[in-house]
Structure formats: structure tokens, C-alpha cells
Amino acid sequence: HDRARISDEYLVQRESNPLFRVRYAHARSRALVRNAGDLGFRAEPGVVGGGQPALVQALADYPRVLACAAAHHAPDRLARHLVTVADALLPLLPDVLPLGEEKPSAAHRARLALAEAAGTVLAGGLSLLGIDAPDHL
């Protein structure tokens with residue numbers, strides 16, 4: 001039940017700060033869901049198409065990492081895994097929404113579902129660590 005001790009150093013908003021990258025990735029995933037809703041489409045499971053195996057693997061590993069972190073009383077394992085998820089999600093973000101007059105395709109819906117799943121994992125993990133997961137940064 002120990003909560004993380006977060007100093008001002010960990011709250012600095014820069015790319016080299018892993019906590020910022022995790023919180024930023026979560027906020028961006030939530031923004032994508034909101035923006036997709038504005039465009040009139042929702043997330044649907046499907047084939048994403050190349051480039052995301054690291055994110056899919058990180059999401060698949062989450063239950064195992066969570067159980068292992070709990071069994072060994074090692075929240076650092078969870079924290080490192082959240083950084084892995086965030087770092088795998090960030091390169092996907094520019095391709096989730098259609099550009100310009102492009103219509104949302106099945107691939108857009110599948111990428112949105114993947115981004116939404118990653119955001120859920122990040123929010124849950126941050127909450128377990130006692131850190132807020134804001135929808136806006």
C-alpha cells in the first residue's frame with residue numbers, strides 16, 4: 001500500500017522524463033478517442049497492419065508483469081513496463097486518425113482500438129502506482 005514519492009524532478013515535462021512520457025501517452029490516447037468521436041467513428045478490433053508488434057506484445061505481457069510485480073512487491077517492474085507500453089504507443093499516434101479528407105478505414109478503427117487499450121493499461125498502471133493519469137496535459 002505504499003505510494004510512490006513523486007518529487008518535482010519527476011513532474012518536469014520533457015521527453016527524457018519517463019513518467020512524463022507515460023502520462024503524455026495516456027493523455028494522447030484519450031485525445032485520439034475524443035477526436036475520433038468528433039469525426040464520427042469508434043474503435044473496433046481488427047487487423048492493424050505492420051509496425052505495432054512491440055505494442056501488442058507489451059499489452060499482452062501486462063497481466064503477467066502486474067502479477068509478478070505484486071508477487072515480488074516490486075512496483076518498479078510495473079513502472080518499467082508502463083514506460084515500455086508508452087514508448088511503443090507513441091510512434092503509432094500519428095497514424096491513428098485519418099488525414100484531411102480521408103475517410104476512416106478499418107485500419108484506423110483497429111489502430112484506435114489499440115491506442116485505447118494502451119491508454120487503459122497506462123491509466124490502470126499509473127493508478128496502481130498512486131499517480132494520476134490526466135486526460136489532458
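Two residues are said to be in contact when heavy atoms of one lie within 4.5 Å of heavy atoms of the other. With that meaning in hand, one can turn to Arg111, which, leaving aside its neighbours within four places in sequence, is in contact with Val48, Leu92, Asp95 and Val96. The model in which these contacts are found is a predicted one, and Arg111 has its place there in helix α4, which covers residues 106-128. Although Arg111 is buried, it has no salt bridge, and the nearest side chain of opposite charge, that of Asp95, is 5.8 Å away. A salt bridge requires a side-chain nitrogen of Lys or Arg within 4 Å of a carboxyl oxygen of Asp or Glu.

From this residue we may step back to the whole protein, whose secondary structure comes to four helices and zero strands, so that the pattern read along the sequence is α-α-α-α. Of the 137 residues in the protein, 39% are buried, while the accessible surface comes to about 8100 Å², with 54% of that area belonging to carbon and sulfur atoms. Among contacts between residues at least 6 apart in sequence, 76% join residues that are at least 24 apart.

The helix α1 deserves a slower look. At its start, a side-chain oxygen of Asn17 reaches to within 3.0 Å of the backbone nitrogen of Leu19, and just after the helix Gly40 takes a positive phi of about 90°. Because each residue should add 1.5 Å, the 22 residues of α1 should span 32 Å, and this agrees with the 31 Å that separates its end C-alpha atoms. Within this helix is found Ala25, which counts as buried because its relative accessibility is 0%. Leaving aside neighbours within four places in sequence, Ala25 is in contact with Ala86, Leu89, Leu90 and Leu122.

Beyond α1 comes the loop that leads to α2 (53-71), and Gly46 lies in this loop. With a relative accessibility of 51%, Gly46 counts as exposed. Gly46 and Ala110 are 64 residues apart in sequence, yet their C-alpha atoms are 4.9 Å apart in space.

Charged side chains give another way to trace how parts of the chain meet. Side chains of opposite charge can pair when their charged atoms come close, and the structure holds five salt bridges. One of these joins Arg23 to Asp132, with the closest N and O atoms 3.1 Å apart. Since Arg23 lies in helix α1 and Asp132 in the segment after α4, the pair ties together parts that are 109 residues apart in sequence. Arg23 counts as buried at 13% relative accessibility, whereas Asp132 is partly exposed, with a relative accessible area of 48%.

A salt bridge also forms between the side chains of Arg109 and Glu44, at 3.8 Å from N to O. This pair likewise links distant parts of the chain, for Arg109 is in helix α4 and Glu44 in the loop between α1 and α2, 65 residues apart. Both partners are partly exposed, Arg109 with a relative accessible area of 22% and Glu44 with one of 41%.

The salt bridge between Arg64 and Asp61, at 3.9 Å from N to O, belongs to a single helix, because the two residues are three apart in α2 and are therefore separated by about one helical turn. An α-helix has 3.6 residues a turn, so residues three or four places apart point the same way. Arg64 itself counts as exposed, at 52% relative accessibility.

Methods: Residues are numbered from 1 along each chain as its sequence is written. This is a predicted model: local features need pLDDT of at least 70, side-chain atom pairs count only at pLDDT 80 or more; totals for chains, interfaces and linings use all residues. Side-chain values use heavy atoms; hydrogens and water are left out. Buried means under 20% relative accessible area, exposed over 50%, partly exposed in between (1.4 Å probe, protein chains only). The expected span of a helix is 1.5 Å times one less than its number of residues. A polar contact is a pair of N or O atoms within 3.5 Å; within protein, one must be able to donate a hydrogen and the other to accept it, and residues adjacent in sequence count only if both atoms are side-chain atoms. Lys and Arg count as positive and Asp and Glu as negative; His and the chain ends are not counted. Accessible areas come from the Shrake-Rupley method with a 1.4 Å probe; for residues, only the protein chains shown count as cover.
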